[in-house]
Amino acid sequence: MALTGDQLERYARHILLKEIGGPGQQALLNARVLIIGAGGLGSPAALYLAAAGVGTIGLVDDDTVSLSNLQRQIAHTTSAVGEPKTSSAARTINALNPDTQVVSHTDRIAADNAGQLISAYDLVLDGCDNFETRFIVNDACLSERVPLVSGAVGQFDGQLAVFRGWEAQPDGSLSPNYRDLVPEMPPPGSVPTCEEAGVVGALTGVIGSMMAMEAIKEITGAGTRLNGSLILYDALDTRIRRVKLRHDSKR
């Protein structure tokens with residue numbers, strides 16, 4: 001389907017890019033992206049993907065907006081305190097771009113529903129805040145062969161990776177998945193949460209925006225995929241490292 005006049009104007013800066021152009025913009029409009037968590041990472045990722053013209057964005061979150069969220073969760077406003085995060089974020093996204101359809105999933109993602117949920121989407125962005133959910137999402141993405149963009153933040157540091165664990169690497173080995181980065185569930189209490197340790201709000205914007213960028217690359221085929229690598233960002237020292245990941249065939 002041809003782009004409308006309004007769409008040609010709205011996405012003009014994308015269409016000018018030879019790496020995206022009209023075909024890439026059509027791919028974005030046809031894409032279905034699932035975002036796990038409508039919080040610090042999911043908010044900027046969802047807003048940039050909506051602005052980019054992603055046709056369908058699914059939001060998974062069973063929480064409500066609290067005042068302490070607003071320091072970093074930019075999809076929500078003060079008037080939304082007490083409201084489900086999915087409906088608050090959907091309202092913000094719809095105001096930003098009516099081309100984007102938002103599908104709200106207010107049930108917590110779990111092992112018994114993850115596969116069915118994820119199989120309905122082309123791409124998953126995981127911005128959750130706990131390891132149990134990360135393992136569940138990773139395993140479902142691996143089983144359903146859906147690319148996974150994974151982000152996480154600490155107080156002043158963040159990380160980003162893309163996992164396509166069913167694909168072969170150039171050397172014939174399997175691509176890594178999240179369990180090759182974190183083989184086992186960390187002991188309870190060993191990794192402090194943002195609520196316990198704090199986090200700089202703008203940091204979640206940096207990593208969430210990077211997640212959106214990798215999603216756009218996955219959808220349009222622009223650039224080089226991050227698959228097989230981990231990005232580490234140190235905000236205090238303004239330092240970025242890229243680390244190669246490998247699949248552990250013995251695990």
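A charge is taken to sit over an aromatic ring when NZ of Lys or CZ of Arg is within 6 Å of the ring centre and within 35 degrees of the ring normal. In this predicted model, the charged end of Arg 134 is placed in this way over the ring of Phe 131, at 4.7 Å from its centre. Arg 32 likewise lies over the face of Tyr 121, with 4.8 Å to the ring centre.

Rings also meet other rings here. A pair of aromatic rings is described by the distance of the centres and the angle of the planes. Two aromatic pairs were counted. In one, Phe 135 and Tyr 178 meet edge-to-face, 5.7 Å from centre to centre and with 75 degrees between the planes. Phe 135 belongs to helix H7 (residues 131-144) and Tyr 178 to helix H8 (residues 178-181), so this contact ties together parts 43 residues apart in sequence. In the other, the ring centres of Phe 163 and Tyr 178 are 6.1 Å apart and the planes stand at 85 degrees, so this pair is edge-to-face too. Here the link runs between strand E6, which holds Phe 163, and helix H8, which holds Tyr 178, across 15 residues.

Taken together, Phe 135, Phe 163 and Tyr 178 make up one aromatic cluster. Phe 135 is buried, at 4% relative accessible area; Tyr 178 is buried at 3%, and Phe 163 is buried at 2%.

The surface offers another phenylalanine to look at. Phe 156, in the loop between strand E5 (148-153) and strand E6 (157-163), counts as partly exposed because its relative accessibility is 36%. With Val 200 and Leu 236, Phe 156 makes a nonpolar surface patch of about 260 Å².

Notes: Residues are numbered from 1 along each chain as its sequence is written. This is a predicted model: local features need pLDDT of at least 70, side-chain atom pairs count only at pLDDT 80 or more; totals for chains, interfaces and linings use all residues. Side-chain values use heavy atoms; hydrogens and water are left out. Patches are made of residues with over 30% relative accessible area and no salt bridge: like charges are joined within 9 Å, nonpolar side chains (Val, Leu, Ile, Met, Phe, Trp, Tyr) within 5 Å. Accessible areas come from the Shrake-Rupley method with a 1.4 Å probe; for residues, only the protein chains shown count as cover. A salt bridge is a side-chain nitrogen of Lys or Arg within 4 Å of a carboxyl oxygen of Asp or Glu. Helices (H or I, at least four residues) and strands (E, at least two) are DSSP runs, numbered from the N terminus. Buried means under 20% relative accessible area, exposed over 50%, partly exposed in between (1.4 Å probe, protein chains only). Rings of Phe, Tyr and Trp (its six-membered ring) pair if their centres lie within 6.5 Å; planes under 30 degrees apart count as stacked, over 60 as edge-to-face and the rest as tilted.
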